[in-house]
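Let's walk through this one together, starting with a term we'll lean on and then moving from the whole chain down to single residues.

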Amino acid sequence: MSLRLFHRLDTAKTQYYHFQAVIVAGMGLFTDAYHLFSITPITRLLGHIYYESHGNQVPPVIESAMLAVALLGAAIGQLIFGRLGDLVGRRRLYGLALMLMMAGSIGCGFSVGTTKGCILASLGFFRFLLGVGIGGDYPLSATIMSEYANKRMRGRFMAAVFSMQVFGILASSAVTMAVCKIFGRIYHPSPKDPTPKEADIAWRLILMLGVIPAVMTFYWRMKMPETARYTALVEKNVLQATQDMERVLDMSPGQIPEGHFLQPSQSSYPLFSKQFFLCHGRNLLACSATWFLLDIVFYSNALLQSKIYKKYLPDEDPSKAVTALEAAFEVARLQAIVASCCMIPGCIAAVFLIDRVGRLPIQAVGFFFMAIVYLSLGVPYVKYWNDHTDPLFMFLYGLTFTFAYCGPNTTTFILPAELFPARFRTTCHGIAGAAGKAGAIIGVVGLVMATQGDYKKGATPTQGDDQKEASRTRVALIILSGICLVGMAVTSMFTKETKGTSLEENE
């Protein structure tokens with residue numbers, strides 16, 4: 001089979017459609033981050049509305065469950081949509097994943113019930129549905145971008161798609177702060193009435209506004225043709241693949257160079273056969289293991305941040321009277337600062353370096369420096385950092401996010417979409433991503449729960465309680481450091497470099 005068509009894709013100049021594909025594909029990750037990270041400030045509102053008797057704090061088991069249920073949905077969505085993406089095509093499922101995200105976003109806002117238990121159960125169900133859509137979007141977006149991109153810029157385009165996650169975090173923080181400020185000015189909460197009944201509308205509105213970016217990109221997703229590689233290699237329709245490519249790359253058939261032949265693997269071994277594991281088992285293990293380890297670390301930070309930065313959160317101080325809207329505003333402001341100062345520089349560095357340095361060095365070095373920072377924070381945490389949460393501490397802790405985005409958080413998204421044959425590509429990406437979400441669930445439920453105190457209902461923490469909590473946080477930080485070192489070792493021993501190679505050469 002002649003693959004002059006793919007040679008043209010690999011050597012094509014960067015065109016407008018490439019940037020359009022980045023935005024359209026990236027909106028799924030934008031929505032993902034918006035909802036996964038907006039739940040942290042929203043739990044502050046929920047605490048003031050439904051858990052006044054618990055010191056206005058949502059119990060740790062409820063808070064971690066709200067995160068874990070969306071992550072569980074994401075893992076299921078990655079497996080289902082990943083497999084279906086190889087069986088029926090990427091484009092046919094792309095709109096369905098987006099529709100599930102839209103339904104989940106709106107449903108979260110309409111969580112109904114007469115008791116807090118019913119409302120939170122309803123919220124959990126719709127967050128699960130939202131997670132399925134988000135999970136389905138991961139393998140489809142990564143694969144579509146990898147199959148459209150040229151090999152010289154493929155890493156940059158995929159890193160740019162993934163960087164939309166950071167802008168989703170910024171958007172969730174900005175929307176939360178705006179809604180809290182507007183509601184605060186309209187309804188004037190006070191220390192005597194810190195939680196106006198309208199706060200119950202505020203958190204619903206924040207979640208429902210997350211549907212806007214999905215709605216904006218739905219039309220463009222429906223207009224996207226199937227990727228040329230899927231059409232030619234899986235559906236065996238080279239003519240249709242050529243016609244689809246002409247539509248998006250602004251070229252004529254005469255521009256496809258003659259005489260360039262490349263024979264990809266023509267064997268028909270099934271998924272999970274002995275031949276499959278011989279050819280691709282190592283790559284699947286490397287992608288799944290590193291994503292699993294990375295997400296244990298990364299998503300545990302979603303809940304650990306409130307403890308690390310508790311000095312800067314006024315509602316953590318029982319002596320301060322804080323309204324529900326102010327509490328949520330401060331958490332969202334903190335997330336916006338971390339995203340702006342730490343995550344965005346990491347994304348920029350990743351886009352700049354990934355096709356120059358390569359995926360393997362970025363991932364290994366990222367894991368290494370994350371381990372060093374966590375260790376430097378964890379070892380002296382009880383004796384020093386717990387009482388000195390100063391700008392230096394915040395800078396060091398923020399570096400963990402910088403090295404994650406200019407490191408394994410970006411590369412674990414990219415590599416599974418480059419290493420596998422077209423007929424297994426979304427399936428394997430979905431498996432690796434589901435392994436990552438399993439690690440994320442362990443992170444938010446296991447490590448984060450281990451840092452929680454056991455105060456009695458409504459009791460004020462004592463100095464002894466604070467020391468116990470600091471000890472738990474210290475242990476968690478040291479464990480995270482060890483996990484990062486294991487991730488570096490797995491990367492060095494098993495991960496394959498894909499810089500500058502075509503997808504067919506990787507196969």
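Before anything else, a word on burial: a residue is called buried when its relative accessible area is under 20%, exposed when that value is over 50%, and partly exposed in between. Keep in mind, too, that what you're looking at is a predicted model.

With that in hand, take the overall picture. The chain holds 18 helices and zero strands. Of its 507 residues, 59% are buried. If you take the contacts between residues at least 6 apart in sequence, 86% of them join residues at least 24 apart.

Now for the helix packing, with helix 2 as our way in. Helix 2 (residues 16-50) and helix 12 (residues 324-353) have axes that come within 8 Å and cross at roughly 165°. An angle over 145 degrees counts as roughly antiparallel, and therefore helix 2 and helix 12 are roughly antiparallel to each other. Their crossing is right-handed. On the helix 2 side the contact is made by Phe37, Thr40, Pro41, Arg44, Leu45 and His48, while helix 12 brings Ala324, Leu325, Ala327, Ala328, Val331, Ala332 and Gln335.

Helix 2 also packs against helix 8 (residues 212-223), this time at an angle of about 140° and with the axes 10 Å apart. Here the crossing is left-handed. Gln20, Val24, Ala25, Met27, Gly28, Phe30 and Thr31 of helix 2 meet Pro213, Ala214, Thr217, Trp220 and Arg221 of helix 8.

Let's stop at Leu325, which we just met in the contact between helix 2 and helix 12. Leu325 is found in helix 12, and with a relative accessibility of 4% it counts as buried. What does Leu325 touch, once residues up to four places away in sequence are set aside? The list is Leu45, Cys180, Phe183, Gly184, Pro189 and Ala202. Cys180 sits 145 residues away from Leu325 along the chain, yet their C-alpha atoms are separated by 5.2 Å.

Phe183, one of those partners of Leu325, takes us to the aromatic rings. A pair of aromatic rings is described by the distance of the centres and the angle of the planes. Counting rings whose centres lie within 6.5 Å, you get 22 aromatic pairs. Phe183 and Tyr187 form one that is tilted, at 5.6 Å centre to centre and 50° between the planes. Why are these two about one helical turn from each other? Because they are four residues apart in helix 6 (residues 154-187). Phe183 is buried, at 10% relative accessible area, whereas Tyr187 is partly exposed, at 36%.

Set beside that the rings of Phe393 and Tyr397: their centres are 6.4 Å apart and their planes lie at 0°, so the pair is stacked. Phe393 and Tyr397 are likewise four residues apart, in helix 14 (residues 391-405), which puts about one helical turn between them. Phe393 is buried, with a relative accessible area of 0%, and Tyr397 is buried with 0% as well. Both belong to one aromatic cluster, formed by Phe37, Tyr138, Phe162, Trp291, Phe298, Tyr299, Tyr381, Phe393, Tyr397, Phe401, Tyr405 and Phe413. You've seen Phe37 already, in the contact of helix 2 with helix 12.

Some rings have a charge for company. The charged end of Lys181 sits over the ring of Phe329, 4.9 Å from its centre. Likewise, the charged end of Arg423 sits over the ring of Tyr269, at 4.8 Å from the ring centre.

Finally, have a look at the loops. Thr498 lies between helix 17 (463-494) and helix 18 (503-506). Is Thr498 buried or exposed? It's buried, with a relative accessible area of 0%. Leaving out neighbours within four places in sequence, Thr498 is in contact with Arg154, Arg359, Leu415, Glu418, Leu419 and Asn506.

Lys236, in the loop between helix 9 (228-234) and helix 10 (238-249), is exposed at 57% relative accessible area. Lys236 has a positive phi of about 60° although it isn't a glycine. Phe272 also has a positive phi, near 65°. You'll find Phe272 in the loop between helix 10 and helix 11 (274-308), partly exposed with a relative accessible area of 43%.

Methods:
Residues are numbered from 1 along each chain as its sequence is written. This is a predicted model: local features need pLDDT of at least 70, side-chain atom pairs count only at pLDDT 80 or more; totals for chains, interfaces and linings use all residues. Side-chain values use heavy atoms; hydrogens and water are left out. Rings of Phe, Tyr and Trp (its six-membered ring) pair if their centres lie within 6.5 Å; planes under 30 degrees apart count as stacked, over 60 as edge-to-face and the rest as tilted. Buried means under 20% relative accessible area, exposed over 50%, partly exposed in between (1.4 Å probe, protein chains only). A charge sits over a ring if NZ of Lys or CZ of Arg is within 6 Å of the ring centre and within 35 degrees of the ring normal. Axes are lines fitted to C-alpha atoms, for helices over the stretch in contact, and angles run from 0 to 180 degrees between N-to-C directions. Angles under 35 degrees count as roughly parallel, over 145 as roughly antiparallel, 65 to 115 as roughly perpendicular and the rest as oblique. A crossing is left-handed if the near helix is turned anticlockwise from the far one by less than a right angle, and right-handed if clockwise. Contact means heavy atoms within 4.5 Å.
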